[in-house]
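Biologist: I have a structure open on my screen, and I would like to learn how to read its features one by one. Could you take me through them, giving the idea before the case?

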Amino acid sequence: MKGDEVILFEPFFDLYVNQVKLAGGTPVFVPLTYIQDEDENGDVLSGGEWILEEKNLQNAISSKTRSIILNSPHNPTGKIFTRTEMEYIAKATVDAGPQCVVLSDEVYKYIVHSPPKQEDAELIDGSGANKICPGHCHFASLPGMWDRTITISSAGKTFSVTGWQVGWCIGPEKLISSIHRLLPYVQFCASTIIQEALARSLVRADEPYEGHSNYYEYLKSKYTRKRDMLANALRAAGFAVPDYDVTPGGGFFIFARIGKDIAAAIPPERINAKNVAAPGGITRQDWALCQWMVEEKGILSIPASPFFSKERAVEGASDQFIRVAFCKTDETIEAAAEALLQICHGDNCGIDGGIDSGENASEVKNGVPHPAAKVNGEDVSVSNTENEDEKKPEVTILKEEPETAEIALE
């Protein structure tokens, strides 16, 4: 309703803002605090991490707060909200009043590639734990939160079929009934064939798959390997990425921090240039880098500014980050690694050992990068499926098809 306020944790999935406005609500932004990982000389050691401070949330809630949107694992940062942070959210929900509910967007719960460790893992291993997705806590499992939570899941993220636009939500009847009433006016219904494919796939996903005890273990293993491939490529090029041995992570994005050499490589004329699509009409560092990389280096990534409020983007809160996806074929990531190393002309941004010399390294192919074309959402010549020599599941909903092609090569 008009006047209702919805809490968004910033940075946030960019579509949330206009979805809230379309429903007549007002987005209220609660910034996550970025903890930098630097040495005494100011040199970046890793991509750092993002935390929720309780005071920031408490300062944002009021009797007008109608909903809090929680997204864990988080897009764009990959952050996994800790049990303690979820307890902050639960308290804020109660403090705001009986009208406040939580929309818990848990679409990446099966891709927790770096589960929380030690004491937080012990907390999560309580009533909110899920053996199928270790490291993930269902917010609705917190004391008193079932009646105030709508949990959202997605077949698109879990089975790599985002174009099918099918998912589900779970919650108490008093909340779900409103969704039932609204759905016919928004989507009418999901395709019968797609619903049947999803129903069959959910059963099969619990069975052994590709050498793993179930499909979900395969999914986590696959994305962990791809994460390491891309993370090593970004580090080699001069970006800082989270230290996943320390920082929990999930989803299939890396929120990479722009290193000094990368920043210095951006042509000066591209910084603060006029661009009506950029926040404030000016290309700040993140936007300038992404535009330059896609136009001159053939690498498509997403500037951080769309994930921040316009005010904070103009202030520079998003200047140091870009979002890069690893829901890609190995060949595409390998080709991207070669292109990334050319950002600094390969002179001062490389590391010995190639893009990945670890146990999970994939063989780096010899040859030139893929001549792909992708700016409008479609790959032209880079395959959207896994390597042809990999076995395919019988139910097509399980086929590999990435959500986006954010790291395509021209």
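Modeller: Let us start with the interior, keeping in mind that this is a predicted model. A nonpolar core is a set of buried nonpolar residues joined through their side-chain atoms; here the largest one has 52 residues, of which Leu234, Phe239, Ile254, Leu289 and Ile322 touch the most other members.

Biologist: Which helices and strands each supply at least two residues of this core?

Modeller: The helices that do so are helix 5 (155–159), helix 7 (192–204), helix 8 (215–237), helix 10 (285–297) and helix 12 (330–341), and they are joined by strand 9 (253–257) and strand 13 (321–325). Helix 8 gives the most, with eleven residues.

Biologist: If I centre the view on Leu234, which residues does it touch?

Modeller: Once residues up to four places away in sequence are set aside, Leu234 touches Phe239, Val241, Ile254, Ala256, Val324 and Leu340. Apart from this core lies another, of 31 residues, and Val28, Trp50, Phe81 and Cys137 are among them.

Biologist: How many disulfides are there?

Modeller: A disulfide is called when two cysteine sulfur atoms lie within 2.5 Å, and by this rule the count is zero. As for individual cysteines, Cys133 is buried at 2% relative accessible area, and Cys137 is likewise counted as buried, at 3%.

Biologist: How should I read the pairing of charged residues, and how many salt bridges does the structure hold?

Modeller: The general idea is that side chains of opposite charge can pair when their charged atoms come close. This structure holds eleven salt bridges, and one of them joins Arg83 to Glu87, with the closest N and O atoms 3.9 Å apart. Because these two residues are four apart in helix 3 (residues 83–96), about one helical turn separates them. Arg83 counts as buried, at 9% relative accessibility, whereas Glu87 is partly exposed, at 40%.

Biologist: And where do Asp330 and Lys226 lie?

Modeller: The side chains of Asp330 and Lys226 meet in a salt bridge of 2.8 Å, taken from N to O. Asp330 lies in helix 12 and Lys226 in helix 8, so the pair ties together parts that are 104 residues apart in sequence. Asp330 is buried, with a relative accessible area of 4%, and Lys226 is buried too, at 0%.

Biologist: Which part of the chain holds Arg270, and which holds Glu295?

Modeller: Arg270 and Glu295 form a salt bridge whose closest N and O atoms are 2.9 Å apart. This pair links distant parts of the chain, with Arg270 in the loop between helix 9 (260–265) and strand 10 (273–274) and Glu295 in helix 10, 25 residues apart. Arg270 is buried, at 18% relative accessible area, while Glu295 is partly exposed, at 42%. Elsewhere, salt bridges that share partners join Arg225, Lys226 and Asp330 into one network.

Biologist: Turning to the surface, which residues form a nonpolar patch?

Modeller: Leu182, Tyr185 and Val186 form such a patch, and together they have about 400 Å² of accessible area; of these, Leu182 lies in helix 6 (residues 173–186).

Biologist: Finally, is Pro31 buried or partly exposed?

Modeller: Pro31, which belongs to strand 2 (residues 26–31), has a relative accessible area of 26%, and because buried means under 20%, Pro31 is partly exposed. Leaving aside neighbours within four places in sequence, Pro31 is in contact with Glu10, Asn56 and Arg312.

Key: Residues numbered from 1 in each chain as written. Predicted model: local features only at pLDDT ≥ 70, side-chain atom pairs only at ≥ 80, totals over all residues. Heavy atoms only, no water. Core = buried A, V, L, I, M, F, W, Y, C linked by side-chain atoms within 4.5 Å. Buried < 20%, exposed > 50% of the residue type's maximum accessible area, 1.4 Å probe, protein only. Contact = heavy atoms within 4.5 Å. Patch = residues over 30% accessible without salt bridge, like charges linked within 9 Å, V, L, I, M, F, W, Y side chains within 5 Å. Areas by Shrake-Rupley, 256 points an atom, 1.4 Å probe, with all protein chains shown as cover. Salt bridge = Lys/Arg side-chain N within 4 Å of Asp/Glu carboxyl O.
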